[in-house]
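Got your viewer open and a selection box ready? Let's take a walk through this one, stop by stop.

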Amino acid sequence: MKSKATFTDSHVEKKIKVKRPSVRYWNEPQKEDKSRDGENTGEAAVQQDRRAKKRKQKDETSAEKKLFSEKSDPFPGSAPIPKDRLQKFKRKDKITKPPRHYRKLKQVITRSEEASDLALKQAARFDLLLPEDAGFLEGDEDEDTCTISQEDIAEAVDITSGAKYFNLKLTQFGPYRVDYSKTGRQLLLGGRRGHLACFDWQTKQLMCEINVMESISDVKWLHTDSMFAVAQKQWLYVYDSNGIELHCIRKFNDVLRMQFLPYHFLLATASATSFLQYLDVSTGKEVAAICTKTGRLDVMCQNPHNAIIHLGHSNGTVTLWSPNQKEALVKMLCHQGGVRSVAVDKMGNYMVTSGMDKKLKVFDIRALKPLTSYFLPAGASCLSLSQRGLLSAATGDVVQVYRDVWSTPVTKPYMAHRVRGSVWGLQFCPFEDVLGVGHGEGFTSMLVPGAGEPNFDGLDANPYRSAKQRQEWEVKALLEKIQPELISLDPTDLGRVDRATFEQRHQEKVQSLGFDPHAKEKFVPKFKKKGRSSAGAVERRKKQVAHVDQRDVIRKSVEDKVKMEEQQKRKEAKKAALSRRKSALDRFKK
Amino acid sequence: MAKVSKIRKSKKRSKVAGSSSKKPPVVYDDEQEEDVCGAEEDVSSEEDDGEDERKRQKLLEAIGALGGKRKHALAERSEAAVHMSEFSMTADDEADLSDLIGTIEKTPAATAQTKKHLKNLQRSKNTVECPLSKQENERIQRDVAFQKAALEVSRWQSIITQNQRAEQLVFPLNQEPSGPKPIEQVVMGWEARTPLEKEIFSLLAANKQPILDAVLTPAEEASVKAMDLEQVKIRRAERQKARALQSYYEAKARRERKIKSKKYHKVQNKAKRKEFVKQFEELVKTDPAAALEELDKMERARMQERMSLKHQNSGKWAKSKAIMAKYDEGARKAMQQQLEVNKDLTQKLVTSLSKEEEEEEEGEGNTDMLPDFVNDAEFKQDSSNPWMRGRLSEDPTEMELKDTMDVTAEGASAVTKEAEEEEGSEAEGTEEDALLREFDSRRKQRQDQESDTSAVIVNDGDDGVEEDQVTEDKVAEISDEEEEGLSEFTRMYRGIGKSLEKDAGSKDGSAELEEGLMRIRSVDDVDLLPQETPTEPQQAPTPQHQKSAEQQPSRSRKRKKGIELREVLTKETKVIKVPLAPTVTDSEEKLDQRVLIEEAFAGDDVISDFAREKRKREDEGKPKVIDLTLPGWGEWGGLGLKPSKRKRRRFRIRTEVPPPRKDQHLPSVIISEKRNSAITPHQVSSLPFPFENPAQFESSIRTPLGRTWNTERTVKKMTKPRVVTQLGAIIEPMADEQLLKGKKKVSARRRSRNTKTRTQPAK
């Protein structure tokens, strides 16, 4: 494997402002606050200052609560939390309080409200501990950021960041599929003509490199960086990071695209035979195999928010699938031509599709409504969304990156870069400002400022984790594995009360079991000898037990009725007695 | 004669009940009668004509003394009494009403009014009710005991509920809060060590100066503790009453000394045993060491008893008695007694001591002679007392029972037969008990009134009568200097009586109201409800429903017109300028002929396909009509014959209309209507207890508990265990101090809540 950084002449002058160095916690906090949250928070902070001053004055004027050391607290109470930050962690609206007389209910509700309030406030407070800030590219006046070349950026940034821009010239085994591991450290390359390589792309340390001697349609990392799945010509294979073939899964044939659901340990595959299959990686079992009946499935993506698989079809529709349902949860008509690529953002709010009709469309996937539609001259063949919401679209051999596709109408790309061959695979590297592009002539790692999430969760996906940490994480992740049954369009469904009726539930049970567990056995009269099992006798015996339940019910209802009547009578008598006595003072009358 | 007095009294009672201000018009002429009435006069005399009466009485007494025979009996009485004792009577001076009336008719001095009155009396032949049976009597006693115990227990109720509701309980309960203490507290806990310091502190202590920075000096506190004038007056009145009671008891004791009945002494012994127990209790309070010894002795006796089986039914004597018991009442009684003794002896000793009672007794000083039930629990329920609210309200029958008990007690006092002596004494006991209880209750009422004038005291009407009687009693007793305070009392009582009357009226009204409520709640009337109530609410919403149903289709139609599939797909698009034109186009695209063709014919085909599919799905979800008519069944069949319309209608089954589809207003979307049954086993299927609707429950579990989503502090708070016990610490039952502390806490909280509610509107 040869790696070579290609430097072409830059077609722009070096007038760029590049990604600012990320702000550290030892910098002044106020400055950071302003820079991060913009003017709004700045104003808010000022207001808060004012409020704090006011409070302070009030405190001073009113009864001063002094400490033993005769000093009063200049900032009494807990520090205020900005509203927008609270909003960020808000889960759901509070419920209106119940009427007062439900004491127990009131108590429960107030307690849970208190707890959630505390959780919210604490989370908002601890947001302060996320010191890293995302950078962005800013051009001079009259300068489009899309005209800034990668070389210029690489030159302007620090050496380590600059080293993240590189090209791998791999002309032999042509167009490459790309996959970054969950932590963003490892890169997996799968050439169409059988070339397979995985390496730590930052240190450029090769872990393995083989040729499977078969066409490869897709590659995907599994839950750790020591296993990956490869969709080869016939079967699905699993290799470890040393290139040793672990499994050949014959149940999964003609796989074209794969997605890995990290929290469910599910590998979802879409095949040329229009099968969508789910493989549980932790147990090795096939969870579901769904025949979509929509032809060749070569467009696939997952919704990271709810683990729903999105499939694009040649009739311009996008379908949403879960392993629990044999039919598509949702079918959307998105394009007039076939769908070429689909991508869903990290929060699960927006879906971006590109079609044969050379359009790029943004949908609100929660409301299933189209938001904006763009026309790309060449149409986008590959789409990828970054953690921070940057959209990369490949049109032929040009990779374009867009910002804020859903919030503001975009007229030109944020960045653009021409690669050597036509693009085949495209993915943003998690926690890095890097976009990996697999194309006909190899692989290109692009610098895209502001793409990656600057703050990583050390317990979830830690790019700097040690082997020990990785092992611990694996155990924990397996323990916290989410069952495939819990995949649904709305992940909060689990917290809902099942409002199905008893009958509905019973029906479902019968369906799942194949028989009715509560059904009563039919009475079969015993065979008796000496002519006592004659037809008439049998009928008579049957008659004895016929409608026993019904008879019981009737008897009971009659008894109840009698009892009720008695009670009624008693009550009436009592009432009459009470009404006869008119007032408490009657007893004094002679 | 005794009978007469009895009748008199009851008559007077009823009069007073009717109009308390009126005085019974009784004129005394005869000598014989006046002896009896002398005592009565004392009771009934009022303030206004007190002087004359007293003079007259003196005269009468002087005349009576000439008789000589009854001198002795009268001398026994050291204080004025409400009730005549039957023990002062002898068999030979038994008088009949008719005799008396006969003499009156002979004497011309008697007024017509009196004669009429007496005639009326003669005509009425109401016999005196017999005393309560032993069982009933015991039941009443048990009732009283239960109420006392309940009151005792109910004191703990608030602290218990408080603990039950507490988010977390840390055992042992009364722990010092861990963590840093404010420096003030730490300094307060400082001890004097050097000799100089010790000397200073001893000086301070000697002069009753505050060592710590207290609000009040001990002297000040003492003065605050001192009672105010009214309280003093009340106390004094109480003491007077107590003195009167004491004289009663002295008289009683004197009487009892002379009784020779065996049975009576048996009863007496029993009482003595009880008294012993009481004394023991006292001893426990005063001298624990001696009490312990006593307890040991008792325990040993009990153990012996338990071992010996002495008083059980297994003995020879007992067996013989058991055989006899069927026929002989005496044997039965003896057996019962033995069993009782056994029960008493083998019972485990329970000593319940309350400090408050002790204090009260100490305050009163001369209560040695008084029985313990002076401090008994209040018999009547007091609605103003929060401790009593939780219990069931008293039955009217029970109240009646109580009344009858009183009456019979008095009746029994009138009975002079020797055979009924025992019962008489018993009855008397109950009578006195009732009196004492009354005093007690009245004292409590008074306190209540003082503390809370607005509090409504619910009481029976009869009570008021008795109260009046007692006030009269008191007036007769007390000397002039005390009269001032007591008149205040009477006023108060009268006020209570009036308020009672009002109450009675209001209570009745409230009872009616309650009944109205009850009617709806009761199970029986549930059947009646559906005929009446549901019709109203149902009628109201239906027109709205119809309206909305009418509106909805029109709206949806509009919507449908508004959003068309084609429009959705051919929405105005923004053209993006791309700086770098792609040089290489996808080779794959060119290869795929079918895709190219589809691209060429893009548009209508895709859209119409989708629309068709959607329509198909919609049709699938629509309700289907199942026709089960069998042609030729029950009527003529054959070619060209159709089943009748009626029959077809009858056998056609319509399924319910499903709710509107989720993709109703989304033309370019098909949403599956299938229920996701995979998740149902993991969902909560029925609403947990305190929640009323799913929304409340769902919002209560909206915040995750795990460490993945929360800070450490939040997790710890949200997963706080309900009960925490300290390892190795002894968890002791709550002490009385805890109760006081809890009360303080509760009151403080209440106060704070009040202030909160007050401050909130100001915001």
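## Cysteines, and onward

Start by selecting A:Cys248: with a relative accessibility of 25%, this residue counts as partly exposed. Keep in mind as you click around that this is a predicted model.

Now pick A:Cys208, which is buried at 5% relative accessibility. How many disulfides does a search of the whole structure find? Over all chains, the count is 0. A:Cys208 accordingly sits in no disulfide, and its nearest cysteine sulfur, on A:Cys198, is 3.4 Å away. That pair is not counted because a disulfide needs the two sulfur atoms within 2.5 Å.

**A hairpin in chain A**

Next, select residues 423-428 of chain A, which make up strand β26. Colour them by accessibility and you'll find the strand mostly covered, with 6 of its 6 residues buried. Add residues 434-439 of chain A to get the partner, β27: the two strands run antiparallel and 5 bridges join them. For a landmark across the pair, show A:Gly425, which stands opposite A:Gly438 in β27(A).

Then follow the chain into the turn, where 5 residues lie between the strands of this hairpin. Which residue there takes a positive phi? Select A:Phe431, with phi near 65°. Most residues other than glycine have a negative phi, so this is a good place to check the backbone. A:Phe431 also counts as buried, at 18% relative accessibility.

**Another positive phi**

For a second case, jump to A:His547, in the loop between α8 (535-545) and α9 (548-580) of chain A. Its phi is near 55°, again positive in a residue other than glycine. Is A:His547 buried or exposed? Exposed: its relative accessibility is 55%.

**Polar side chains under cover**

Stay in chain A and select A:Gln400, in strand β24 (residues 398-402). A:Gln400 is buried, with a relative accessible area of 0%. Show side chains around it and draw two distances. One is a polar contact of 3.1 Å to the side chain of A:Thr395. The other is a polar contact of 2.2 Å to the side chain of A:Tyr402.

A:Glu143 is the next pick, in the loop between α3 (103-126) and α4 (150-156) of chain A. A:Glu143 is buried as well, with a relative accessible area of 18%. Which backbone nitrogen lies 2.9 Å from a polar atom of the A:Glu143 side chain? Turn on the backbone atoms and you'll find that it belongs to A:Asp140.

**Over to chain B**

Switch chains and select B:Phe171 together with B:Pro172. Look at the peptide bond joining them: this one is cis, with omega at about -5°. Most peptide bonds are trans. B:Pro172 itself is in the loop between β1 (169-171) and α9 (183-188) of chain B.

Last stop: select B:Ile626, B:Leu628, B:Phe651 and B:Ile653, and switch on the surface. These residues form a nonpolar patch there, with about 320 Å² of accessible area together. Zoom in on one of them, B:Leu628, in the loop between β3 (625-627) and α29 (645-650) of chain B. B:Leu628 is partly exposed, with a relative accessible area of 46%.

Terms used:
Residues are numbered from 1 along each chain as its sequence is written. Chains are lettered from A and ligands numbered from 1 in the order in which they are written. This is a predicted model: local features need pLDDT of at least 70, side-chain atom pairs count only at pLDDT 80 or more; totals for chains, interfaces and linings use all residues. Side-chain values use heavy atoms; hydrogens and water are left out. Buried means under 20% relative accessible area, exposed over 50%, partly exposed in between (1.4 Å probe, protein chains only). Helices (H or I, at least four residues) and strands (E, at least two) are DSSP runs, numbered from the N terminus. Two strands pair if DSSP finds at least two bridges between them. A polar contact is a pair of N or O atoms within 3.5 Å; within protein, one must be able to donate a hydrogen and the other to accept it, and residues adjacent in sequence count only if both atoms are side-chain atoms. Patches are made of residues with over 30% relative accessible area and no salt bridge: like charges are joined within 9 Å, nonpolar side chains (Val, Leu, Ile, Met, Phe, Trp, Tyr) within 5 Å. Accessible areas come from the Shrake-Rupley method with a 1.4 Å probe; for residues, only the protein chains shown count as cover. A salt bridge is a side-chain nitrogen of Lys or Arg within 4 Å of a carboxyl oxygen of Asp or Glu.
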